Amino acid sequence: MSEHYDVIVIGGGPAGYPAAIRAGQNGLKVACIDGWKNYDGSAAFGGTCLNAGCIPSKILLESSELYHRAHAEFATHGIRTGEVSIDIAKMQQRKSGIVKTMTGGINGLLKAAGVTALQGRGTLHPGRKVEFVAHDGARKTLTATHVILASGSVPTPLRSAPFDGKHIVDSWGALEFDAVPKRLGVIGAGVIGLELGSVWRRLGAEVVVLEALPEFLSIADQQLAKEALKHFKKQGLDIRLGAKVTAAEVAGKAVDVTYVDAGGAAQSLKVDKLIVCIGRRPYTEGLLAEGTGVVIDARGYVDVDDHCHTAAENVWAVGDCVRGAMLAHKGKEEGVAVADRIAGRHAHVNYDVIPSVIYTAPEIAWVGRTEEQLKAQGIAYKTGTFPFMASGRARAMEAAQGFAKLLVGRDDDRILGVHLIGPMAGELIAEAVLALEYGASAEDLQHTMHAHPTLSEALHEAALAADKRAIDMPNR
Ligand code: FAD
Ligand code: NAD
């Protein structure tokens, strides 16, 4: 007889494992199946985020930023050091250690929530039967009242620059370099290109970023994007916009890249490593047998309604494998919401209030609508901007770059968008997320006391500036 569960989750990334934990907390009998395998063959929960995405990239961003500050900034603080050098092996060891601790922690969390953790592949069959094949090849059939699909995403390949795993790599490969490449090429000036380009630039690589679109960071507020581009260029990231890659070929120990530049001229570039990061696509290989009733849409996503329910009864899907932002926190909220819905509880994901963060220096973060979107939607708005240059805390940190910008409805004073570029923007955005979630007005933020001296005062002052009542800078 097959094992029966109330809920089976397929995928143990940041969308799947929280769904399993919440379902367990809700008193349901749950199994979570995850097929992740690391380069060394070890299995680990946590999916892309913990093993090859959010966490390892942030670890290397932290290490590389410290290195950069040690050799470029300590002297400004009056700190003398001997020669500062890097030990990439040690840096990578630290990264792997943290990742291992955190992925191991998920096993503990699943256990504490009473979830049966199964490592191997899961395939959904009609009637919510799930075929499980463990990593050692052992098979069993499980059945469930509800199934949650959380199979995630994989890097989008580029036909003109095929991955060879050594010289032409995806973001995971670029997190595993064992030496600093002298010349690094990056295709795609998106979130990954900027974060990983920054890591290896800070560690000493000459970095050229080829971006197909003529505008930089087209998803962001363009005032923010313009400011960001200025800083990245100053840091030595050679960002070439409007560049269409025509070919990339490994030649000996290097890669020859050819592309057509914004002016239509053919160009070439020789690099030691090439990262292709032009987006990610949903991953559903081997996930569904024939006849499940689950629909895959034209772009490869599992088709779901507003509540993450698929076309098949009691089959749900969450995270990167469904429409919407490919972000860990979006997947987590969806997973938890579905687990609550299954238990008959109220659940809601506010897709209008998803924070975006790019963990570069300066950091970039935003929530809500951009100025371009408000213009396109014909919404009357006012703007409040405050530069970190005028923040005592930012000055103390030697990080007085960028600004906080608020977009506020002209008619109702409601905060519509918050855009930050500056120190710890990724942390500061949480206040803006709460403000938007609660439907706060600029006046609400103006009347909220902010500790001095903190970076958060920039948000307070930006809210005051929206009504030309800023204190710590002249109002224009
Ligand atoms: P995944 O994390 O991809 O997990 C899916 C899991 O399901 C995997 O373990 C996979 O092996 C497993 N699986 C798939 N099919 C099956 C099957 N049939 N049977 C069993 N198991 C299966 N997002 C942020 O919010 N912040 C960041 O800072 C950030 N940084 C990133 C940095 C990089 C370099 C990358 C690549 C991504 C980053 N992301 C970041 C994006 C984030 O990693 C993803 O949005 C997130 O991991 C999606 O979660 P998920 O659970 O939907 O999918
Ligand atoms: P992305 O969508 O952020 O950026 C891809 C970039 O590549 C875009 O600027 C696009 O115009 C460009 N591009 C597309 N095709 C191209 C081509 N042929 N030649 C040159 N440029 C091309 O995708 P990504 O950076 O690969 O990241 C993938 C996903 O992972 C994103 O959805 C992102 O949300 C997520 N992620 C998030 C974080 C974070 O939250 N800090 C960090 C890393 C990744």
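This report describes the overall fold of a predicted model, one open sheet within it, and the surroundings of ligand 1.

**Overall fold**

The secondary structure of the protein in this predicted model comprises 13 helices and 21 strands. The radius of gyration is 24 Å, close to the 23 Å expected from the globule rule for 476 residues, so the protein is as compact as a globular protein of that length. Taken along the principal axes, the box filled by the C-alpha atoms is roughly 75 × 60 × 45 Å, and 51% of the 476 residues count as buried.

**An open sheet**

Five strands form an open sheet in which the order is S7-S14-S8-S9-S10 and the pairing is parallel. The edges of this sheet are strand S7, residues 168-169, and strand S10, residues 237-240, each of which pairs on one side only. At the S10 edge, the partner is strand S9, which spans residues 206-210 and pairs with S10 in the parallel sense over 4 bridges. Within this part of the sheet, valine 208 stands opposite aspartate 238, a residue of S10.

**The surroundings of ligand 1**

There are 37 residues around ligand 1, and those that come nearest are Asp34, Thr48, Lys58, Asp320 and Ala328. By class, this shell consists of 16 nonpolar, 16 polar and 5 charged residues. Polar atoms of proline 14, threonine 48 and aspartate 320 lie at the following distances from oxygen atoms of the ligand.

| Residue | Atom on the protein side | Distance to an oxygen atom of ligand 1 |
|---|---|---|
| Proline 14 | backbone N or O atom | 3.3 Å |
| Threonine 48 | polar side-chain atom | 2.7 Å |
| Aspartate 320 | polar backbone atom | 2.9 Å |

Threonine 48 thus takes part through its side chain, whereas proline 14 does so through a backbone atom, as does aspartate 320. On its own, ligand 1 has 1,000 Å² of accessible area, and the protein covers 94% of it.

Several elements of secondary structure give two or more residues each to the shell around ligand 1, namely strand S2 (30-34), helix H2 (47-52), helix H3 (54-72), strand S3 (116-125) and helix H8 (328-342). Which element gives the most to this shell? Helix H2 does, with 4 residues. Some of the nearest residues, Asp34, Thr48, Lys58 and Ala328 among them, fall within the residue ranges of S2, H2, H3 and H8, respectively.

Technical notes. Residues are numbered from 1 along each chain as its sequence is written. Chains are lettered from A and ligands numbered from 1 in the order in which they are written. This is a predicted model: local features need pLDDT of at least 70, side-chain atom pairs count only at pLDDT 80 or more; totals for chains, interfaces and linings use all residues. Side-chain values use heavy atoms; hydrogens and water are left out. A residue is near a molecule or strand if one of its heavy atoms lies within 4 Å of it. A polar contact is a pair of N or O atoms within 3.5 Å; within protein, one must be able to donate a hydrogen and the other to accept it, and residues adjacent in sequence count only if both atoms are side-chain atoms. Accessible areas come from the Shrake-Rupley method with a 1.4 Å probe; for residues, only the protein chains shown count as cover. Ala, Val, Leu, Ile, Met, Phe, Trp, Tyr, Cys and Pro count as nonpolar, Asp, Glu, Lys and Arg as charged, and the others, Gly among them, as polar. Two strands pair if DSSP finds at least two bridges between them. The radius of gyration is taken over C-alpha atoms; the globule rule is 2.2 Å times the number of residues to the power 0.38. Buried means under 20% relative accessible area, exposed over 50%, partly exposed in between (1.4 Å probe, protein chains only).
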